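Here's a quick briefing to read with the viewer open. Keep the sequence handy too, and click along as you go.

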Amino acid sequence: MPPLTRERILRTAVAMADQDGLDAVTLRRIAAELGVHVTSLYNHVPTRDAVTDGIVETLLEEAGLPADAVGWEEWVRAFFTAMGTLAAAHPGAYAALQRRPVQGPRAAASFEVALGAFADAGLGDLDAYNAVKATALTALVVGLERSMSTRGPLPATAIEALPREGFPRFHGLRDLDEPDDPEAAWSFSLETLVAGLRVQVDRLAGAAGPTG
């Protein structure tokens with residue numbers, strides 16, 4: 001039997017979450033899957049939260065986010081794309097990213113890069129944090145819908161149940177020639193995010209004035 005390591009435990013947890021959902025991942029189930037007593041896990045992942053933190057770390061490492069200095073827009077686009085890829089690849093484990101903040105240097109490394117990118121663009125520390133937070137919130141929600149789409153067609157509003165005279169715009173959507181394409185909405189979300197951040201960066205950096 002392979003040695004018990006933190007990495008092996010977390011890979012098991014990710015696979016379990018993808019198969020049965022994040023709430024199904026418990027220390028006892030992980031131990032049973034690995035064929036060890038639950039107390040054997042404690043030196044590696046002492047609590048359920050430690051497992052979730054480890055899942056977040058594992059997914060972010062898999063995402064391959066920028067680790068070296070980049071411009072803020074490049075980081076935003078890379079992060080947004082990476083979250084979508086993770087959501088499709090790990091529809092169950094992805095929920096961990098929405099439940100726990102990043103912990104530890106390995107998980108936080110790319111966010112340090114992002115903070116630096118916005119700082120280099122002229123933002124103060126708080127505004128840089130807010131820019132990264134806005135990016136994370138948008139990307140994580142879009143990723144959630146992506147993860148749902150891996151299980152089948154996304155649920156939609158029952159437009160036919162709405163009276164046409166009261167909801168002409170809704171019914172107009174049914175009459176569109178192009179079928180509903182979630183990818184189009186996800187791409188629109190990214191471009192709207194980038195455009196909004198660009199306005200904020202220009203405004204806030206301009207308000208700060210020259211730093212030299």
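What follows is a short tour, from the overall fold to helix packing, the record's annotations and a few single residues.

Bear in mind that this is a predicted model. The chain is built from eight helices, with zero strands. Its C-alpha atoms fit in a box of roughly 60 × 60 × 20 Å along the principal axes.

**Overall picture**

- Walk along from the N terminus and the elements read α-α-α-α-α-α-α-α.
- The chain has 212 residues, and 36% of them count as buried.
- Take the contacts between residues at least 6 apart in sequence: 70% of those join residues at least 24 apart.

**Helix 1 against helix 2**

- Helix 1 and helix 2 pack with their axes 10 Å apart, at an angle of about 110°.
- That angle makes helix 1 roughly perpendicular to helix 2, because the perpendicular class runs from 65 to 115 degrees.
- On the helix 1 side you'll find R8, I9, T12, A13, M16 and D20, and they meet R29, I30, E33 and L34 of helix 2.
- Sorted by class, this contact has five nonpolar residues, one polar and four charged.

**Helix 3 against helix 5**

- Helix 3 spans residues 48-63 and helix 5 spans residues 105-120; their axes are 8 Å apart and the packing angle is about 50°.
- Helix 3 and helix 5 are therefore oblique to each other.
- The crossing of helix 3 past helix 5 is left-handed.
- Helix 3 brings E57, L60 and E61 to the contact, while helix 5 brings R106, A107 and F111.
- The split here is three nonpolar and three charged, with no polar residues.

**Helix 4 against helix 5**

- Helix 4, residues 72-89, crosses helix 5 at roughly 145°, and the two axes come within 8 Å.
- Helix 4 also makes a left-handed crossing with helix 5.
- W72, W75, V76 and F79 are the helix 4 residues in the contact, and they meet S110, F111, V113, A114, A117 and F118 of helix 5.
- This contact holds nine nonpolar residues, one polar and no charged ones.
- F111 is worth a click, since this helix 5 residue is listed in the contact with helix 4 and in the contact with helix 3.

**What the UniProt record says**

- An unreviewed UniProt entry annotates residues 3-63 as "domain: HTH tetR-type".
- In the model, residues 3-63 are 64% helix and 0% strand, and the C-alpha atoms at the two ends lie 26 Å apart.
- The unreviewed entry also lists residues 26-45 as "DNA-binding region".
- Residues 26-45 come out at 40% helix and 0% strand, with 11 Å between the end C-alpha atoms.

**Buried residues to look at**

- S110 sits in helix 5.
- S110 is buried because its relative accessible area is 7%, which is under the 20% cut-off.
- Outside its neighbours within four places in sequence, S110 is in contact with L65, P66 and W75.
- T135 belongs to helix 6, which covers residues 125-149.
- With 0% relative accessibility, T135 counts as buried too.
- Beyond residues up to four places away in sequence, T135 touches W75, V76, F79, L193 and L197.
- W75 turns up in both lists: it is a contact of S110 and a contact of T135.

**Residues with more or less exposure**

- D23 is in the loop between helix 1 (6-20) and helix 2 (27-34).
- D23 is exposed, since its relative accessible area of 59% is over the 50% cut-off.
- Even so, D23 touches R48 and R99, leaving out residues up to four places away in sequence.
- D23 and A185 are 162 residues apart in sequence, and their C-alpha atoms are 29 Å apart in space.
- T5 is found in the segment before helix 1.
- T5 counts as partly exposed, at 33% relative accessibility.
- The C-alpha atoms of T5 and V70 are separated by 34 Å, and the two residues are 65 apart along the chain.

Terms used. Residues numbered from 1 in each chain as written. Predicted model: local features only at pLDDT ≥ 70, side-chain atom pairs only at ≥ 80, totals over all residues. Heavy atoms only, no water. Axes fitted to C-alpha atoms, helices over the stretch in contact; angles between N-to-C directions. Parallel < 35°, antiparallel > 145°, perpendicular 65-115°, else oblique. Left-handed = near helix turned anticlockwise from the far one by under 90°. Contact = heavy atoms within 4.5 Å. Nonpolar A, V, L, I, M, F, W, Y, C, P; charged D, E, K, R; others polar. UniProt positions renumbered as here; feature names shortened; annotations may be inferred. Buried < 20%, exposed > 50% of the residue type's maximum accessible area, 1.4 Å probe, protein only.
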